[in-house]
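Q: I have a structure open and would like to go through it from the outside in. Can we start with the surface?

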Amino acid sequence: MKIFERLYNGVVKENPTFVLMLGMCPTLAVTTSALNGMQMGLTTLAVLAASNLIISLFRSVIPNKVRIPSYIVIIASLVTVVQLLLQAYLPSLYSALGIYIPLIVVNCIILGRAEAFASKNPPLVSLFDGIGMGLGFTVALTLIGMLRELLGAGTVFGFNVLPQSVEPISIIIMAPGAFFVLCWINAAINKIKKKNPKSHATAKSCGDCAGCSMSGVCSGTKQD
Amino acid sequence: MFKDLLFIMLGSALVNNVVLSQFLGLCPFLGVSKKTDTAIGMGSAVIFVITIASAITSLVYTYILVRFNLEFLNTIAFILVIAALVQFVEMFLKKFSPPLYNSLGVYLPLITTNCAVLGVALTNVQKEYDFITSVANGFATSVGFTIAIIILAGIRERIDEKAVPESFRGTPITLATAGLMALAFFGFKGLL
């Protein structure tokens with residue numbers, strides 16, 4: 001019961017990208033195609049689920065004062081493990097995502113879930129919270145990647161979708177396009193939120209600072 | 001030698017701008033860019049921290065990690081070094097240079113988890129830059145960040161007075177501005 005609730009919470013109710021607006025750097029950087037977005041999402045999911053599980057197992061051992069450094073060390077070790085595994089078994093994915101794989105360490109979703117959920121809840125629920133949040137992130141990145149790939153290259157997952165006569169807007173898959181697409185998505189979310197103000201969890205990032213690791217410090221609105 | 005260094009610096013400051021083309025350090029870029037003054041403060045703090053961090057991570061990598069064949073631990077080592085460094089810089093400034101602390105102090109804790117700092121350190125290692133090149137690259141990257149955040153803050157101050165469609169107020173219009181800036185920075189591609 002609790003497990004399904006966690007999954008639903010991560011994918012829909014508190015979707016890290018669309019609702020909480022966390023982890024914007026990878027969201028903008030790797031969504032040049034649907035496949036890249038999905039791979040980044042799944043890599044983050046693996047780290048997030050494992051870090052939630054481990055932090056939850058050790059939650060009574062880690063002293064409160066040094067918990068953030070401890071979490072960072074745990075997360076960084078997991079990222080290193082994932083990075084080495086990808087390098088060995090999926091070299092194409094490793095080279096496609098490049099520097100954004102080690103940068104998962106500073107992805108605020110992971111530290112955010114460790115602090116907000118895994119440090120207070122039993123292991124199994126925390127594991128599924130991580131999987132739910134990771135799935136939410138994967139779905140969001142895949143959708144944004146699909147949109148950008150469709151508009152910018154006329155393909156989805158590498159398959160031609162648009163007829164030859166339609167000229168793709170190639171700027172959409174380049175750097176400026178990432179900002180434009182996210183701008184439209186944000187505006188759409190604002191519109192929806194205004195229509196039914198109660199049905200959505202409030203974005204707990206600080207004001208319009210688009211979340212990320214600063215959400216805990218930048219205006220005192222710590223997310224919980 | 002000098003010419004190579006200049007090209008690397010131009011490249012990381014303008015052509016491959018850290019926020020506008022690599023998407024690192026977006027959080028402070030969008031979060032602390034409401035006013036030009038705070039943008040300048042944040043920019044200087046970032047220049048300060050990234051330059052020192054690239055120097056120290058470069059030394060740690062060459063003299064500790066490579067020496068003991070521990071290159072694969074670079075992510076863990078760098079994030080710890082950066083976190084400790086920011087704390088140390090904060091304490092040092094508080095004690096020895098209160099005026100500098102007053103102007104940069106608020107921004108320092110925000111930088112610890114800024115992905116640009118770790119990003120620069122990892123890029124330096126990936127591209128196998130030596131010590132001097134690493135420091136120059138770190139400095140140029142953070143100058144690029146500062147240029148971008150000050151321009152954005154200037155534009156946002158003006159947008160505040162304009163009638164923006166309601167759904168686009170706040171983050172969306174800022175993202176659109178950043179997109180247009182990224183488009184403009186494409187023009188620097190011709191430099192190299």
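Q: How much area does chain A expose, and what share do carbon and sulfur atoms supply?
A: Chain A exposes about 9900 Å², and 69% of that is supplied by carbon and sulfur atoms. Accessible areas come from the Shrake-Rupley method with a 1.4 Å probe, and for residues only the protein chains shown count as cover. This is a predicted model, in which local features need pLDDT of at least 70 and side-chain atom pairs count only at pLDDT 80 or more, while totals for chains, interfaces and linings use all residues. Residues are numbered from 1 along each chain as its sequence is written, chains are lettered from A in the order in which they are written, and side-chain values use heavy atoms, with hydrogens and water left out.

Q: What does the secondary structure of chain A come to?
A: Chain A has 8 helices and 2 strands, in the order α-α-α-α-α-α-α-β-β-α along the sequence. Helices (H or I, at least four residues) and strands (E, at least two) are DSSP runs, numbered from the N terminus.

Q: And what percentage of chain A is buried?
A: Of the 224 residues in chain A, 53% are buried, meaning under 20% relative accessible area with a 1.4 Å probe, protein chains only.

Q: Now the other chain. How big is the area buried between chain A and chain B?
A: About 3600 Å², with 78% from carbon and sulfur atoms. Buried area is the accessible area (1.4 Å probe) that two parts lose on being put together, summed over both. Chain A brings 41 residues to the contact and chain B brings 43, where contact means heavy atoms within 4.5 Å.

Q: Which residues form the salt bridge?
A: B:Glu166 pairs with A:Lys194, with the closest N and O atoms 3.7 Å apart. The term needs a side-chain nitrogen of Lys or Arg within 4 Å of a carboxyl oxygen of Asp or Glu.

Q: Which elements of chain A give two or more residues to the side that touches chain B?
A: Helix H2 (24–29), helix H4 (67–89) and helix H8 (175–195). The largest share, 12 residues, comes from H8(A).

Q: Changing topic: where does A:Asn15 lie?
A: A:Asn15 is in the loop between helix H1 (2–13) and H2 of chain A.

Q: Buried or exposed?
A: A:Asn15 counts as buried because its relative accessibility is 3%.

Q: What does A:Asn15 touch?
A: Leaving out residues up to four places away in sequence, A:Asn15 touches A:Asn9, A:Gly10, A:Leu20, A:Gly136 and A:Ala140. A polar atom of the A:Asn15 side chain also lies 3.0 Å from the backbone nitrogen of A:Thr17.

Note on methods
Buried means under 20% relative accessible area, exposed over 50%, partly exposed in between (1.4 Å probe, protein chains only). A polar contact is a pair of N or O atoms within 3.5 Å; within protein, one must be able to donate a hydrogen and the other to accept it, and residues adjacent in sequence count only if both atoms are side-chain atoms.
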